[in-house]
Amino acid sequence: MVQREIIKTRPASMRGKIVSFNRINRYFSCAKPLKMALSRFEYVKKFELDDKLVPECWIVVRLDGKGFSKFSDLHNFVKPNDKRALDLMNHSAKKVFKEINDIVIAYGQSDEYSFVLKKSTTLYSRRSAKITTNIASLFAAAYTFYWPLFFEGEERPKMVPSFDARAVQYPNDQVLRDYLSWRQADCHINNLYNTTFWALIQKGGLSNQEAGKRLTGTFAKDKNEILFSEFAMNYNDEPDQFKKGTILVKDPNPEDKKNPYLELYQDLIGDTFWEEHPELLMK
Ligand SMILES: Nc1nc2c(ncn2[C@@H]2O[C@H](COP(=O)(O)OP(=O)(O)O)[C@@H](O)[C@H]2O)c(=O)[nH]1
Ligand SMILES: [Mg+2]
């Protein structure tokens, strides 16, 4: 249809000849036919859904490694925690932090990371898909790019890692704090379970199935007791990075200008952390 309109008005020198569409466009200096084509097709934009996040809410983007059970096995991650993998997650998160000014705080554990954007952010006009895809792709690219820094002697991972991401809106400070507390509680529960599970296997000689069975129906105090009485392990002595996950915030007075972040492994469920960083919730 568009082509026919153009052909009708093309110059005598081109009439009756098979002339490339490009050449016709060039003759008309591109402007007119392209514009016509644009307006003819532009209606397709109406099929796009508006996914703008509402104003004045905290935005949390949580990404999660896809198929990381398999990914961690393939790369022989230390069980239950591989410090190299966790540090690589933190390093990749810092890259995201650096690129996106409006991130206030981030929290990571296992194969997941949450990024909190300030309430007033206008990043991508608050369009959910734009924000989540940008953060997830940046993170995945950084994870691959920085792999050799953490996995010595390896140029890159053996398979391409990927992360899914979602954006969730939290309408006030309390819900935001509860969200972060939820992720940290998840870290604690999983880590206590995994630490006991792998102690039963690696030190106690149980099979995976036997260890799983042994832990069925146990509470936190039972797992602490198994670790203490059977393996002389005090769960409290496990590294804070494993027990608490990683909190990332900007360092107001960085010693190293290239690394202007504080990597904290501390409790964020209680009030202390928030009292020490009152500026975070003012954003
Ligand atoms: N060995 C090991 N595995 C890890 C570590 N961090 C994450 N993982 C693996 O990643 C998985 C993350 O859980 P989840 O997202 O539910 O599993 P996914 O759907 O396979 O990505 C865990 O179950 C572990 O198998 C680590 O430090 N060491
Ligand atoms: Mg995962």
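## Exercises on a helix pair and a ligand shell

Helices α8 and α10 make a left-handed crossing. The model you are working with is predicted, so keep that in mind as you go.

**Exercise 1.** Describe how α8 and α10 are placed relative to each other, and work out which residues meet.

*Solution.* Start by finding the two elements: α8 spans residues 173-202, and α10 spans residues 220-231. Next, take their axes, which come within 10 Å and cross at roughly 35 degrees. Then list the partners. On the α8 side you should find Leu192, Tyr193, Thr195, Thr196 and Ala199; facing them from α10 are Ala220, Lys223, Ile226, Leu227 and Phe231. Finally, sort these contact residues by class: seven are nonpolar, two polar and one charged.

**Exercise 2.** Characterise the surroundings of ligand 1, beginning with the residues that come nearest.

*Solution.* First, look at the shell, which holds 17 residues. Phe68, Ser69, Ser72, Phe77 and Asp82 come nearest to the ligand. Second, ask which elements supply at least two shell residues each: they are β1 (58-65), α4 (68-74) and α5 (83-99). Of the elements, α4 gives the most, with three residues. Third, tally the classes, and you reach six nonpolar, six polar and five charged residues.

**Exercise 3.** Step back and summarise the protein's secondary structure, burial and contacts.

*Solution.* Begin with secondary structure: there are 12 helices and six strands. Move on to burial, where 25% of the 283 residues count as buried. Close with the contacts between residues at least 6 apart in sequence; 65% of these join residues at least 24 apart.

How values were computed
Residues numbered from 1 in each chain as written. Chains lettered and ligands numbered in written order. Predicted model: local features only at pLDDT ≥ 70, side-chain atom pairs only at ≥ 80, totals over all residues. Near = placed C-beta within 6 Å. Helix = DSSP H or I, 4+ residues; strand = E, 2+ residues; numbered from the N terminus. Nonpolar A, V, L, I, M, F, W, Y, C, P; charged D, E, K, R; others polar. Buried ≥ 20, exposed ≤ 12 C-beta atoms within 10 Å, placed from the backbone. Contact = placed C-beta atoms within 7 Å. Axes fitted to C-alpha atoms, helices over the stretch in contact; angles between N-to-C directions. Left-handed = near helix turned anticlockwise from the far one by under 90°.
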